[in-house]
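Subject: Structure handover

Hello,

Here is the structure we talked about. Please open it first, then read the notes below.

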Protein chains: 2
Amino acid sequence: MAGTDQLSAVFSALADPTRRAIIAELAERDATVTELTAPLSISMPAVSRHLKVLERAALISRSRSGKWRASRLEAAPLREAADWIERYRRFWDSSLTRLDAHLAAVQAAGRASDRMVDDPRELE
Amino acid sequence: MAGTDQLSAVFSALADPTRRAIIAELAERDATVTELTAPLSISMPAVSRHLKVLERAALISRSRSGKWRASRLEAAPLREAADWIERYRRFWDSSLTRLDAHLAAVQAAGRASDRMVDDPRELE
DNA sequence: AATACGCTTAACATGTTGGTTAAATGAGGG
DNA sequence: CCCTCATTTAACCAACATGTTAAGCGTATT
C-alpha cells in the first residue's frame, strides 16, 4: 500500500474501481456481501477481501445480524483525502492564472506546517 | 494499480507519501530530480521512478533544459479525484444527519448516471 | 440432526510496487 | 576528446495486491 498512514490507506483503497463501485453502492444503501457481489463480475471471496481493505481504511463499518454481515459507508476518512487534494485546487482552478498560483505558492511556503504533513521523514 | 483508468492511476499515485511529498514540493516550485531527491531518504533512481508514476497519472509534466529535467505540477487530474470524493461529502459533513444522508441517497439513486461511472463492468 | 446458506480463510498463481546497486545514456565543460 | 554531472535503465529482491477454487465456520431452515 506504500504508506501505512491513514491517508495512504484511503487513497490506496480508492485506487481500485471495484472498491469505488462498492462505495457508490453503499452510498445508496447498506448491503450484504452477497448483494454487493451480485453486480460485480468477481467471486464472493474477492469481494470479501475488498471489504476488508475498505474496513482497514475505515471507509466502511460492518455489523453482524444472524447469518448476514451488512456493510455501511463511513465516509469520514474521505474528508482528509478531500482536504489534502483541496490544497492544490488553485492549480487546476481556471479562474487562477499560473502567476496567481505562484504567488499563492510563495505564501503557502511561509506556513511551515504545510510541508511537514507529507514529508515521509515525519512518518513513523 | 488495480484499475488502468485515469481515476485509479491518480488515486494510486496519491497513495504513496513520498509522491505526495513530491507533489507538495512541486506546488511551490518546479524542481529537478536531484532537487527532489535531496530532502528524501531514498536514492535518485527511486525518485526517478516515482516521477514516472506521477507522469503516467498526468500529475506532472517534464521538460528538458540541457542537462536537467524539470518537473512541473499538472494538477488537472486532481480535479476528477476531488469531484469523485465530493459526491460523498454529505456522508461526512456534520451539518447533515444520517437521515438527511439517506434521503439524499434515495434521490441520488434516481439518477442512473450516478452508478455507471464506477461500475467496473463499464471499464475497458 | 442434517442440510443449506452466507461469509471468511487457506492455499495458490501471477503481476505489480518500491527499494537497492551498478551500468548506460546524454549533455556540457575543460 | 575525455570527463563529469544529471538522469534513466537494468537486474535483482522482498513484500503486497488481486484473482481463483476449495475448505471451514457459524447460523438459519426443515
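Two strands pair if DSSP finds at least two bridges between them. Keep that in mind for the hairpin in chain B. There, β2(B) and β3(B) form a hairpin with two residues between them. B:Gly66 sits in the turn and has a positive phi of about 65°. One caution before the rest: this is a predicted model.

**Sheet of chain B**

Strand β2 of chain B covers residues 60–65. Six bridges tie β2(B) to β3(B), and the two run antiparallel. One of the bridge pairs is B:Ser65 with B:Trp68 of β3(B). Strand β1, residues 31–32 of chain B, also pairs with β3(B). That pairing is antiparallel too, over two bridges. Here B:Ala31 faces B:Ser71 of β3(B).

**Sheet of chain A**

Chain A has an open sheet of three strands. The order is β1-β3-β2, and the pairing is antiparallel. Which strands stand at the edges? They are β1 (31–32) and β2 (60–65) of chain A. Each has a single partner strand, so one side of each is left without a neighbour in the sheet.

Strand β3 of chain A spans residues 68–73 and is joined to β1(A) by two bridges. A:Thr32 has A:Ala70 as its bridge partner in β3(A). A:Ala31 is partnered by A:Ser71 of β3(A).

Two helices of chain A pack on this sheet. Helix α2 (residues 17–28) touches β1, β2 and β3 of chain A. Its direction makes about 90° with that of β3(A). Helix α4(A) touches β2 and β3 of chain A. The direction of α4(A) makes about 120° with that of β2(A).

On the other side of β3(A)'s pairing list is β2(A), joined to β3(A) by six antiparallel bridges. In one of the pairs, A:Ile60 stands opposite A:Leu73. These strands form a hairpin with two residues between them. A:Gly66 in that turn has a positive phi of about 65°.

**Two helices of chain B**

Now look at helix α2 (residues 17–26) of chain B and α4(B). Their axes come within 10 Å and cross at roughly 75°. Angles of 65 to 115 degrees count as roughly perpendicular. The two helices are therefore roughly perpendicular to each other. From α2(B), the contact uses B:Thr18, B:Arg19, B:Ile22 and B:Ile23. From α4(B), it uses B:Val47, B:His50, B:Leu51, B:Val53 and B:Leu54. By class, that contact has six nonpolar, two polar and one charged residues.

**DNA strand D**

How many residues surround DNA strand D? There are 24. The closest are A:Ser43, A:Arg49, A:His50, B:Thr34 and B:Lys52. Of the atoms of DNA strand D within 4 Å of the protein, 63% belong to sugar and phosphate.

Several side chains have a polar atom at a phosphate oxygen of this strand. Among them is B:Ser48, at 2.6 Å. For B:Arg69 the distance is 3.2 Å. For A:Asp16 it is 3.5 Å.

Four elements give two or more residues to this surface: α4 (44–56) of chain A, and α3 (33–37), α4 (44–56) and β3 (68–73) of chain B. The most come from α4(B), with five residues. The surface has nine nonpolar, six polar and nine charged residues.

**DNA strand C**

DNA strand C has 24 residues around it. A:Thr34, A:Ser48, A:Lys52, B:Ser43 and B:His50 come nearest. Sugar and phosphate make up 67% of the atoms of DNA strand C that come within 4 Å of the protein.

Which phosphate contacts should you look at here? A polar side-chain atom of B:His50 lies 2.3 Å from a phosphate oxygen of DNA strand C. For B:Ser43 that distance is 2.5 Å. An N or O atom in the side chain of B:Asp16 is 3.4 Å from a phosphate oxygen of DNA strand C.

The elements that each supply at least two residues are α3 (33–37), α4 and β3 of chain A, plus α4 of chain B. The largest share, five residues, comes from α4(A). By class, this surface divides into nine nonpolar, six polar and nine charged residues.

Best wishes

Technical notes. Residues numbered from 1 in each chain as written. Chains lettered and ligands numbered in written order. Predicted model: local features only at pLDDT ≥ 70, side-chain atom pairs only at ≥ 80, totals over all residues. Heavy atoms only, no water. Near = heavy atom within 4 Å. Polar contact = N/O pair within 3.5 Å; in protein donor to acceptor, adjacent residues only side chain to side chain. Nonpolar A, V, L, I, M, F, W, Y, C, P; charged D, E, K, R; others polar. Contact = heavy atoms within 4.5 Å. Axes fitted to C-alpha atoms, helices over the stretch in contact; angles between N-to-C directions. Parallel < 35°, antiparallel > 145°, perpendicular 65-115°, else oblique.
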